[in-house]
Every structure is written in C-alpha cells, then in structure tokens.
Amino acid sequence: MSAPPGINPNIPHSARVYDYWLGGKDNFEADRRVAEATMAAVPGIRESARNNRAFLGRAVRHLTRLGVRQFLDLGTGIPSQGNTHEVAQAEAPESRVVYVDNDPIVMTHARALLTSTEEGRTAYLEADVRDPAAVLEHPEVREIIDFSQPVALMMVAILMHISDADDPAGLVKTYADALPTGGYLVLSHLTLDLVPPRMAEDYLAATSHQAMHRTPRTGEQIARYFDGFDLVEPGLVAVSHWHDTPLFPDEPAWMYGGVGRKH
C-alpha cells in the first residue's frame with residue numbers, strides 16, 4: 001500500500017492498526033509493528049477487536065429492527081466488512097448514515113468504498129469528534145440527519161482514544177443533547193476490568209510507549225457515559241456477550257459494550 005499525499009506512513013494510526021487486526025490491507029509497516037507488538041504482549045487483543053466489530057453489527061441490526069433509520073457514526077475507521085450502513089441498509093434500504101473521522105486516509109477509503117443504496121444516504125465528514133459543534137452543525141449532517149426523529153449515535157471504540165483532558169463525558173453529553181427522546185447511544189470502550197491483573201499490567205507496559213493514545217476505563221466510568229439513557233438488555237457487558245453468540249467466546253474480554261435509549 002502506498003501512502004496518499006499528506007499521510008506519513010511512518011507514524012502508526014489507531015484506525016490502521018485496527019484494520020490490521022480485522023484482517024484488512026489498508027495499513028503500513030509502522031501500523032503492523034504496533035499491532036504485532038501489542039498482540040504479542042496482550043493475548044486476545046485481535047480477537048477482541050473482531051468481537052467489537054461484531055458487536056457494532058449486532059447493535060445496528062437490533063436498532064434497525066426497532067425502527068431506527070438514522071445513524072451518526074463517530075470515529076469511522078477504515079472500511080471493513082459489516083460497516084454501519086451496510087448492516088442498516090440490509091435491514092432497511094432507506095437508512096441514512098453519516099460517518100465522521102479525522103484521518104484523511106480513512107475518508108479516502110470511505111468515499112471510495114462505502115456506497116449507499118438508492119433509497120438511503122451515506123455521507124462522510126472529515127472532522128474531529130472532539131469538536132461536536134463542527135460535527136452537529138455541519139450542513140451535510142443537517143441535510144441527512146433529522147434530529148427530530150430517532151437517531152443512533154455510534155461511539156464504538158472511539159472514546160478510548162480521547163484523553164481525560166479532552167473531557168470524554170462532556171463530549172458524549174454534548175452529542176447526546178442533540179438526540180431526541182427515543183434516540184440511542186451505541187458505545188464500546190477498552191477496559192481492564194475483565195482480564196486478570198497480570199494481563200492488565202502487561203497491556204499497560206506494552207502500550208505505554210506507543211505513539212497512539214489509548215485510555216482504558218472501568219465499567220463504572222463507562223457506565224456514566226450512559227447518563228440520561230436507559231440501557232438496553234443485557235446492559236453494559238463484554239462486547240462478546242451483547243446479544244447472540246460471541247465470535248471468540250474463550251478469549252479475554254477487553255471491551256465493554258452497551259446500547260442505551262434516551263429518556
């Protein structure tokens with residue numbers, strides 16, 4: 001893979017590391033080194049990434065069957081199988097999805113690969129999720145998403161890349177305030193709660209030197225992001241156990257996931 005203009009292939013990026021774990025080809029040597037080093041130190045991290053991807057699909061399918069037709073997907077990541085709009089539009093072709101990411105290479109691939117059904121809409125916004133006003137007030141978002149109707153806010157594996165200094169809880173609240181009653185929050189997040197203490201220590205040692213920032217948080221911290229929402233059963237659980245059968249049931253669980261309905 002050659003680097004498009006403006007992309008430094010020597011600097012690893014979380015979306016490309018995640019792409020590698022999912023079996024994609026849109027990554028560079030620097031990304032693969034980080035991915036492999038993390039996999040060597042942290043058993044099951046790749047399988048956890050795939051379980052997380054499967055959680056996204058199950059959540060979108062569940063909400064679409066409940067009648068949701070609008071999805072605002074923050075932190076899109078490089079397109080892989082089972083993207084939000086693919087799952088939603090397979091259930092309801094008229095579904096509308098806006099993807100948001102601040103990595104130019106992600107958006108290059110998104111525009112090339114994420115095509116909508118004729119009945120629905122799919123759009124891609126290059127913006128920083130830490131600037132919710134820029135996202136929520138963007139003309140294309142306002143054209144495609146009707147915030148007077150149910151909207152699913154997708155924050156899947158994105159908040160772990162946002163430091164406490166950037167107030168992730170405040171960001172979630174700002175986005176959630178834009179949702180109508182009956183809107184949904186789909187969220188997953190890295191945690192060390194669900195693995196043995198030694199494994200948690202190994203993870204922190206393996207990732208402390210990496211250029212990519214990740215902040216694992218506790219279940220209690222993650223649950224606070226759902227303030228103002230009623231959690232859908234089974235609540236906030238390991239992503240591998242949110243509805244249906246997990247892909248890798250025997251691997252360590254590194255991610256919490258949940259879906260909440262705004263009340």
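Let's start with the lining of the largest pocket, which by class holds 23 nonpolar, eleven polar and eight charged residues. Keep in mind as you look around that this is a predicted model. The largest pocket has a volume of about 920 Å³. To find its centre, look for H13, S14, A15, I158 and H161, the closest to that point of the 42 residues that line the pocket. Two elements, α1 (14-21) and α3, give two or more residues to this lining.

Helix α3 is a good guide to the next stop. Spanning residues 45-65, α3 meets helix α4 (residues 84-91), and the two axes come within 9 Å and cross at roughly 35 degrees. The crossing of α3 and α4 is right-handed. On the α3 side you will find L56, G57, V60, R61, T64 and R65, while α4 brings T84, V87, A88 and E91 to the contact. Sorted by class, the residues of this contact are four nonpolar, three polar and three charged.

Now move on to the second largest pocket, with a volume of about 180 Å³. Which helix gives the most to the lining of this pocket? Helix α8 (residues 168-177) does, with five residues. The full lining consists of A169, V172, K173, A176, D177, R224, Y225, D227, G228, F229 and K262. By class, the lining of the second largest pocket divides into five nonpolar, one polar and five charged residues. For comparison, you can return to the lining of the largest pocket, with its 23 nonpolar, eleven polar and eight charged residues.

Notes
Residues are numbered from 1 along each chain as its sequence is written. This is a predicted model: local features need pLDDT of at least 70, side-chain atom pairs count only at pLDDT 80 or more; totals for chains, interfaces and linings use all residues. Side-chain values use heavy atoms; hydrogens and water are left out. Axes are lines fitted to C-alpha atoms, for helices over the stretch in contact, and angles run from 0 to 180 degrees between N-to-C directions. Helices (H or I, at least four residues) and strands (E, at least two) are DSSP runs, numbered from the N terminus. A crossing is left-handed if the near helix is turned anticlockwise from the far one by less than a right angle, and right-handed if clockwise. Contact means heavy atoms within 4.5 Å. Ala, Val, Leu, Ile, Met, Phe, Trp, Tyr, Cys and Pro count as nonpolar, Asp, Glu, Lys and Arg as charged, and the others, Gly among them, as polar. On a 1 Å grid over the protein atoms alone, a cavity is a set of points where a 1.4 Å probe fits but cannot get out, and a pocket is an open set with protein on both sides within 12 Å along at least five of seven lines; lining residues have an atom within 4 Å of a point. Grid points are joined across faces, edges and corners, and a volume is the space filled by probe spheres set on the points.
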